[in-house]
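This report goes through a single protein chain, from one helix and its cover to the salt bridges and the surface. The sequence and the structure are shown first.

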Amino acid sequence: MVVYIDLIFLANLFIDAVLLMVTAWMRKIRPVWWRLMASAGIGAMYVVMMFVPELSFLFTFLIKLALSVIMLLVAFGFGSMQKYLRTMGAFYMINFVAAGGILGMHYFLQNTGELFNGIWYTASGGMSFELKIAFWFILCAFGGVMLFFRIVQSSKQRTERMSGFLGQVQVWIGQDHIECTGLLDTGNQLYDPLTRTPVMVMEAALWKSYLPASWLRKCSEGNADQLVMELGDESFSWQDRVRLVPYRGINRNHSFMLAIKPDRVEVVMNGVHFVHHRVLIGLDGGTLSAEGKYRAIIHPDVTAQEEGSADTNQKRDAHFSEHFTESG
């Protein structure tokens, strides 16, 4: 059997470097490239030592654990015990994900004959598995597993960041109310230009039981300005509450949004209850979230107490300050 030590070294250097980079990304650490490559080189040299019979004593659990400790110290330094242990936990988790993903892809692509040919029984009645994975398959599978892991982890982090800005919204008009989940948009600066009333956007489909069908159709087509001519054509009990709010779209074109004046809007966010009476509800004919996580855009003015509750405001500000500190 011919063993190409240089290929084994380079392959493990690449794998260790990627594992360390993903660890740094997951722990939000900005690594120094030469330290990262030095750490990957230590890991690659350890694998090469497997082919030296005199060094077989190095391949024990304690030595392997000590090697991972040294690699992380070289790559990221120590900092504090808590920070170091979290980095080590992330490093081992990523290693297990990579190893499990490669093994899973290997068995997923095997046929029945190849699988059973790798199973054999011992004299004592035990069962063993023979594992043969091609060198290039390991490299390709490793890259795919790491890419998939990063996509999943990025999606999870986005969801966690967004959850801090989600709240339950209730819009009241008389005895009727609409309830949904809303997303706080701190950059929302949409106001009624005449009264300077803040405009909170909701999906028009939520109001299908209250609005005429033709109104919903025109909202979805972006022709809300044409509804002014139809106000007297169809019976609608909330006609005196209807407004048309001008706004500028993404393409910088001016358009109009159908809006309704409610009696009050209630928002519950992170355990804090907000009530606002001076607000308009703009109706969007599309879908605000492709994943359905929220169906309203909460205006930042809605989460400001009208009557100046100092305790509530301090609680809200403290929460968002803590959220931004943890996220960044």
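## Helix 7 and its cover

The cover over the buried residues of helix 7 includes strand 6 (242-248) and strand 7 (254-260). In this predicted model, helix 7 spans residues 213-221, and its buried residues are Ser214, Trp215, Leu216, Lys218 and Cys219.

Arg217 also belongs to helix 7. With a relative accessible area of 43%, Arg217 is partly exposed. Twelve residues separate Arg217 from Ala205 in sequence, and their C-alpha atoms are 9.9 Å apart in space.

## The chain as a whole

Eight helices and eleven strands make up the secondary structure of the chain. Of its 328 residues, 37% are buried. The accessible surface of the chain comes to about 19500 Å², of which carbon and sulfur atoms supply 60%.

How many of the contacts between residues at least 6 apart in sequence join residues at least 24 apart? The share is 65%.

## Helix 1 against helix 3

Two packed helices are described by the angle between their axes and the distance between the axes. For helix 1 (residues 5-26) and helix 3 (residues 61-76), the angle is about 65° and the axes lie 12 Å apart. Their crossing is right-handed. On the helix 1 side the contact is made by Asp16, Leu20, Thr23 and Ala24, which meet Met71, Leu72, Ala75 and Phe76 of helix 3.

An α-helix has 3.6 residues a turn, so residues three or four places apart point the same way. Among the helix 1 residues that meet helix 3 are Asp16, Leu20 and Thr23.

Asn12 is another residue of helix 1. Is Asn12 buried or exposed? Its relative accessible area is 19%, and Asn12 is buried because the cut-off for that class is under 20%. Apart from neighbours within four places in sequence, Asn12 is in contact with Ala44 and Val47. Helix 2 covers residues 33-48.

## Salt bridges

Side chains of opposite charge can pair when their charged atoms come close. Over the whole structure, a search finds three salt bridges.

One of them pairs Arg295 with Glu203, with 2.8 Å between the closest N and O atoms. Arg295 sits in the loop between strand 10 (280-284) and strand 11 (296-298), while Glu203 is in strand 5 (residues 199-203), so this pair ties together parts that are 92 residues apart in sequence. The two partners differ in exposure class: Arg295 is partly exposed at a relative accessible area of 32%, whereas Glu203 is buried at 5%.

Another salt bridge joins the side chains of Arg241 and Asp263, at 3.0 Å from N to O. Arg241 is in the loop between helix 7 and strand 6, and Asp263 is in the loop between strand 7 and strand 8 (264-269), so the pair ties together parts that are 22 residues apart in sequence. Asp263 is partly exposed, with a relative accessible area of 33%. Arg264 and Glu266 also meet through their side chains in a salt bridge, with an N to O distance of 2.8 Å. Here Arg264 is partly exposed at 25% relative accessible area, and Glu266 counts as buried at 15%.

## A nonpolar surface patch

Which residues form a nonpolar patch on the surface? They are Val32, Trp33, Trp34 and Met37, and together they have about 480 Å² of accessible area. Trp33 is found in helix 2. The relative accessible area of Trp33 is 66%, and Trp33 is exposed.

## Positive phi angles in loops

Lys28 has a phi near 55°, a positive value in a residue other than glycine. Lys28 is located in the loop between helix 1 and helix 2. Its relative accessibility is 53%, and Lys28 counts as exposed because the cut-off for that class is over 50%.

Arg196 likewise has a positive phi, near 55°, and is a residue other than glycine. Arg196 is placed in the loop between strand 4 (176-184) and strand 5. Strand 5 is also where Glu203, the salt-bridge partner of Arg295, is found.

Conventions:
Residues are numbered from 1 along each chain as its sequence is written. This is a predicted model: local features need pLDDT of at least 70, side-chain atom pairs count only at pLDDT 80 or more; totals for chains, interfaces and linings use all residues. Side-chain values use heavy atoms; hydrogens and water are left out. Patches are made of residues with over 30% relative accessible area and no salt bridge: like charges are joined within 9 Å, nonpolar side chains (Val, Leu, Ile, Met, Phe, Trp, Tyr) within 5 Å. Accessible areas come from the Shrake-Rupley method with a 1.4 Å probe; for residues, only the protein chains shown count as cover. A salt bridge is a side-chain nitrogen of Lys or Arg within 4 Å of a carboxyl oxygen of Asp or Glu. Helices (H or I, at least four residues) and strands (E, at least two) are DSSP runs, numbered from the N terminus. Buried means under 20% relative accessible area, exposed over 50%, partly exposed in between (1.4 Å probe, protein chains only). Contact means heavy atoms within 4.5 Å. Axes are lines fitted to C-alpha atoms, for helices over the stretch in contact, and angles run from 0 to 180 degrees between N-to-C directions. A crossing is left-handed if the near helix is turned anticlockwise from the far one by less than a right angle, and right-handed if clockwise.
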